[in-house]
Amino acid sequence: MSNNIINKDIKQNLIEKVSKNKNLLVDLCSRLVQIPSESPKSDTREIAAEIAGFLEKIDDVEVSFHTMEEPITNLVARVKGNSPGKRLIFNGHIDTYPVGDESLWTESPFSGHEKNGRIYGRGVSDMKGGIASYLLTFMIMGEMRDSWSGELVLTLAGDEETMGVKGTKYLLDTVPHAAGDAMISGDVGTAKVLRFGEKGLMWIELEATGKASHGAHVHKGENAIDRLVEGIDRLNKELKSLKAHAPEEATNAIEASSEESERYSGEGETEVLQQVTVNFGLIEGGVSPNLIPEKASAQGDIRLPVGVEVEEVNRKIKEIVDSIEGLSYHIFRQYEPNWSDINHEIFAYTAENVKYITGEEPVNTVRVGASDARHYRISKDVPAVNCGLNAYNLGGPDEYIEVEELIDLAKIHTLSAFDYLSK
């Protein structure tokens, strides 16, 4: 039996409302891209004000700004239906990756221009297109508030790209209606592959000490870089060998979605989702090729699959580091892998509407990278599903999205919100 509780006439009405406003949707997306909000420094004051200006034109919408640290501005908006009921959250972020070398871009990274059915600019896929979809959904839901109950809440964070706590986490800690009964994230990622969880994270710094000497007199010194390299090598090999004890339901979902998810996310994603991965991206040490270094350090990123806990990894790290003379470590950021019950109704509604709009059955799997959905799952135990846009040139020059995919996403978000909040 279908999980959808609204009839086809209502569905078609909602779809037509999105279609009639497609030019507005594209314009919203372009305007958001045209406002720089690179992280760092995550100055989101201007873009938050732009979004508020749109939302405040909707009848009976509450809009508020929340700041833990300037210039990071977060926004919360709320619209209520005809009677009390469930609360659905649309969560997203308004900061973006840095532009990088502007000379590599065909046009300005903040042009937001449309060409050949595409919209270009930094952050258009991650995730200003998703936010434009939210805004149109809010407008339509506001127009039809007599037909649904409960609340629709929008939480937009200015501190996501650096995985900080001054955005969504701050809102969840300080704004009661920032949490709800379910959450949809329009963060980057195809709607054909819905994400019900994501890997955990540990950021580690290794520090090695040795004994300085001349490079010709290796018998008189102790090379700190050698000790550091040994630690890096062993962490890579031994952490990857840790066995994940994931719930059978999560493992089955990851395996069943493999072919489809790897079409979008690359071959090998299924294996990576089920193992600990280690990447050291920063290393420092030494002063000259002919001197034995006394100090060296490195910083690394460790990702934990569902079924491996931070405590277990920490024990293994300590065991390895303690066995290497002159090596020490500290963890400066960490959180557990997290996932939602894929039997929750928000997954059924979202999946059904993806199929209704695209004609394709979506799959459910875990997300390799981080998103603010983790805060909802970990801090508030709110079921959260990721349903966003395909990424084209994500993080690189000439980032873009397909206009048709943006329109489809707005239809999916609108239908899913109406489904969830309708009696």
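**View 1. Isoleucine 342 sits in the loop between β15 (338–339) and α11 (345–358).** Welcome to this predicted model; we start at a single loop residue. Leaving aside residues up to four places away in sequence, isoleucine 342 touches Phe196, Glu249, Ala253 and Phe347. For a sense of scale, take serine 111 as a partner: 231 residues separate isoleucine 342 and serine 111 in sequence, and their C-alpha atoms are 39 Å apart in space.

**View 2. Helix α1 (residues 8–20) crosses helix α4 (residues 124–143).** A pair of packed helices is described by the angle between their axes and the distance between those axes. Here the axes of α1 and α4 come within 11 Å and cross at roughly 130 degrees. The two helices, α1 and α4, are therefore oblique to each other, and their crossing is right-handed. Look for Leu14, Lys17 and Val18 on the α1 side, which meet Leu136, Ile140 and Glu143 of α4. Sorted by class, this contact of α1 with α4 has four nonpolar residues and two charged ones, with no polar residues.

**View 3. The largest nonpolar core holds 73 residues.** Seven names are worth finding here: Ile51, Leu55, Leu88, Ile131, Phe138, Leu152 and Leu154 touch the most other members of this core. Apart from it lies another core, of 25 residues, including Leu206, Leu239, Leu242 and Ile302.

**View 4. Leucine 88 and the residues it touches.** Residues up to four places away in sequence are not counted here. Leucine 88 touches Glu151, Leu152 and Val153, along with Ala182, Met183 and Ile184. Its other contacts are Ile346, Ala417, Tyr420 and Leu421.

Conventions. Residues numbered from 1 in each chain as written. Predicted model: local features only at pLDDT ≥ 70, side-chain atom pairs only at ≥ 80, totals over all residues. Heavy atoms only, no water. Core = buried A, V, L, I, M, F, W, Y, C linked by side-chain atoms within 4.5 Å. Buried < 20%, exposed > 50% of the residue type's maximum accessible area, 1.4 Å probe, protein only. Contact = heavy atoms within 4.5 Å. Axes fitted to C-alpha atoms, helices over the stretch in contact; angles between N-to-C directions. Helix = DSSP H or I, 4+ residues; strand = E, 2+ residues; numbered from the N terminus. Parallel < 35°, antiparallel > 145°, perpendicular 65-115°, else oblique. Left-handed = near helix turned anticlockwise from the far one by under 90°. Nonpolar A, V, L, I, M, F, W, Y, C, P; charged D, E, K, R; others polar.
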